[in-house]
Amino acid sequence: MAPAKVYGPAMSTNVMRILVCLEEVGAEYEVVPVDMSTGEHKRPPHISRNPFGQVPAFEDGDLTLFESRAISKYILRKHGSDLLRESNLSESAMVDVWLEVESSHFDGAMSPIIFQCFIVPMFMGGATDIGVVNESLEKLKKALEVYEAQLSKSKYLAGDFISLADISHFPTVYYLLASAHASVLEAYPRVKAWIDDVMQRPSVKKVTEALKMPSA
Ligand SMILES: N[C@@H](CCC(=O)N[C@@H](CSO)C(=O)NCC(=O)O)C(=O)O
């Protein structure tokens, strides 16, 4: 079968989320760049792959998908990965809980920080709105309080097993660590240890090695 295709810039957090899952299962894949600076993501053919005109999109044979977390689950299920814990109903439910938490609470706080600290200055020639950054950092701290408490009960977010819920955080954590705001983690020692553990995974290292570290 031809390698799966991931459409979008490799440095996009939502593309990175898919790439790390493909690396986890050892699947062949091809990253097909999409030039967002020219609006390629808003036009055919990409718009037929992702009707919201966003990246990523994903093709595997006749199947075309969008939404990075759904794509991640597809990849892990196709390859029988235990990162979804689907042989245990309670464990898989906890994976779903913390994947939703990552999407709404963690990504929700981190996306404006990444946009203001990296996208605006690096690709839009603009200036970081520090008010937005500070407001988002407060939201992030509220989430980190919950994470710190959860990680006092188990080694990973969904339990004493690593799962997609943990690995799904890596892309935004990568940018937090590369930003001027990484010190926000100092107040959360269990979160820091958890991040160190996740960032050491060979799949994570493989994806980050392919990226140029953005300047903070
Ligand atoms: N929930 C979706 C989010 C996609 C997204 O925001 N993509 C951004 C690029 S950042 O990775 C995007 O396409 N932004 C341009 C736009 O929204 O117009 C997912 O997980 O795939």
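Here are legends for a handful of close-up views of this predicted model.

**View 1. Two domains, side by side.**
The protein chain splits into domain 1 (4-79) and domain 2 (89-206). Measure from centre to centre over C-alpha atoms, and domain 1 and domain 2 are 21 Å apart. Domain 1 puts 12 residues into the contact, and domain 2 puts in 19 residues. How big is the area buried between domain 1 and domain 2? It comes to about 1,400 Å², with 66% of that given by carbon and sulfur atoms.

**View 2. The largest pocket.**
Here we look into the largest pocket, which has a volume of about 870 Å³. Its lining is made up of 29 residues, and S12, T13, M36, V55 and I119 sit nearest the centre. Four elements give two or more residues each to this lining: α1, α3, α4 and α7 (170-178). Which of the elements gives the most? That's α4, with eight residues. By type, the lining has 13 nonpolar, 11 polar and five charged residues. And where does the pocket lie? Domain 1 and domain 2 both give residues to the lining, so the pocket lies between them.

**View 3. Helix α3 and what covers it.**
This helix runs over residues 68-78, and its buried residues are S68, R69, I71, S72, K73, I75 and L76. The cover over those buried residues includes α1 (13-25), β3 (57-60), β4 (63-66), α4 (89-123) and α6 (164-167). Just before the helix, take a look at E67, in the loop between β4 and α3. E67 isn't a glycine, yet its phi is positive, near 80°. Is E67 buried, exposed or partly exposed? With a relative accessibility of 43%, E67 counts as partly exposed. After α3 comes G80, where phi is also positive, near 65°.

**View 4. R85, in the loop between α3 and α4.**
Follow the loop from α3 towards α4 and you'll meet R85. Its phi is positive, about 55°, although R85 is not a glycine. R85 has a relative accessible area of 17%, and the cut-off for buried is under 20%, so R85 is buried.

**View 5. Two cis peptide bonds.**
The bond joining P44 and P45 is cis, with omega at about 0°. You'll find P45 in the loop between β2 (29-32) and α2 (46-49). Another cis peptide bond joins V55 and P56, this time with omega at about 10°. P56 sits in the loop between α2 and β3. V55 may ring a bell: it was one of the residues nearest the centre of the largest pocket.

**View 6. P112 and Q116 on helix α4.**
P112 belongs to helix α4, and so does Q116. How accessible is P112? Its relative accessible area is 24%, which makes P112 partly exposed. Q116, at 11%, counts as buried. Setting aside neighbours within four places in sequence, P112 is in contact with D107, V132 and S136. On the same basis, Q116 touches P121, A127, T128, D129, V132 and V133. L137 is 25 residues from P112 in sequence, but the two are 9.4 Å apart in space, C-alpha to C-alpha.

**View 7. A187 out on a loop.**
To finish, here's A187, in the loop between α7 and α8 (189-199). A187 is exposed, with a relative accessible area of 57%. Its partner in this view is E145, 42 residues away in sequence and 9.2 Å away in space, C-alpha to C-alpha.

Notes. Residues numbered from 1 in each chain as written. Predicted model: local features only at pLDDT ≥ 70, side-chain atom pairs only at ≥ 80, totals over all residues. Heavy atoms only, no water. Buried < 20%, exposed > 50% of the residue type's maximum accessible area, 1.4 Å probe, protein only. Contact = heavy atoms within 4.5 Å. 1 Å grid on protein atoms, 1.4 Å probe; cavity = no way out; pocket = protein on both sides within 12 Å on 5 of 7 lines; lining within 4 Å. Points joined across faces, edges and corners; volume = space filled by probe spheres on them. Nonpolar A, V, L, I, M, F, W, Y, C, P; charged D, E, K, R; others polar. Domains from an automatic or database assignment. Buried area = accessible area lost by both parts, 1.4 Å probe.
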